[in-house]
Amino acid sequence: MGDKSMKISLNKVLAVGTNFSHEYDFGTTTELGLKCLSERNGEKLKDVEIIARNEVPDFKCKCGKQPKEVCSQCVFEIGEEAMLCSQCAKKHKCGEEMLLPVVNSPRMGMCGYTGD
Ligand SMILES: [Zn+2]
Ligand SMILES: [Zn+2]
């Protein structure tokens, strides 16, 4: 609750079953709802490893094709309907400069994010 230091290890604030939220990028803030599902005891891993990754949701362009781009303007108004296949992207009203690539991230379509 409130603003606290980030300099605390996760095992001090989380336990299995804890629901928590994480906000990042205070320019265009993305808020994630998270839950601690399990914990691991043992040595610290030498390298950071990705141990979980969300599966790409099955988004569809309004014409039914696989979307390639998302309109960063429309995504705020109509959500995932702002996803466009390459053909529909050409005809999109907002213009090409508003389009961002579809990436597997809750940051998709936000603030110039391209997945890097
Ligand atoms: Zn648009
Ligand atoms: Zn389409």
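Here is a walk through this predicted model, from its overall layout down to a few residue pairs.

Let's begin with the parts list. The chain has three helices and five strands. If you follow it along the sequence, you meet them in the pattern α-β-β-β-α-β-α-β. Keep that string in mind as you look at the picture, since we'll be hopping between these elements.

Since this is a prediction, it's worth asking how confident the predictor is. The mean pLDDT of the chain is 80, and 78% of the residues reach 70 or more. Confidence is lowest in helix α1, residues 10-13, with a mean of 78. At the other end of the scale sits helix α3, residues 86-91, where confidence is highest, at 93.

Now for the strands. Find β1 at residues 19-24 and β2 at residues 30-35: these two run antiparallel and are joined by six bridges. Want to see the pairing for yourself? Look for Tyr-24, whose bridge partner in β2 is Thr-30. Then find Ser-21, which stands opposite Gly-33 in β2. As for what holds such pairs together, strands of a sheet pair through backbone hydrogen bonds, either parallel or antiparallel.

Are the residues of β1 buried or exposed to view? Strand β1 is hardly covered, with zero buried residues among its six. Strand β2 is hardly covered too: the count of buried residues among its six is zero.

The other strands make up an open sheet of three, in the order β4-β3-β5, with antiparallel pairing. Because β4 (83-84) and β5 (99-101) stand at the edges, each has a single partner strand, and one side of each is left without a neighbour in the sheet. Strand β3, at residues 69-71, runs antiparallel to β5, and three bridges join them. One pair to look for here is Val-70, which stands opposite Leu-100 in β5.

Finally, let's zoom back out to the whole chain. How many of its 116 residues count as buried? The share is 12%. And what about contacts between parts that are far apart along the sequence? Take the contacts in the chain with a separation of 6 or more: residues 24 or more positions apart account for 35% of them.

Note on methods. Residues are numbered from 1 along each chain as its sequence is written. Chains are lettered from A and ligands numbered from 1 in the order in which they are written. This is a predicted model: local features need pLDDT of at least 70, side-chain atom pairs count only at pLDDT 80 or more; totals for chains, interfaces and linings use all residues. A residue is buried if 20 or more other C-beta atoms lie within 10 Å of its own, exposed if 12 or fewer, and partly exposed in between; C-beta atoms are placed from the backbone. Helices (H or I, at least four residues) and strands (E, at least two) are DSSP runs, numbered from the N terminus. Two strands pair if DSSP finds at least two bridges between them. Two residues are in contact if their C-beta atoms, placed from the backbone, lie within 7 Å. pLDDT is the predictor's confidence in each residue, from 0 to 100.
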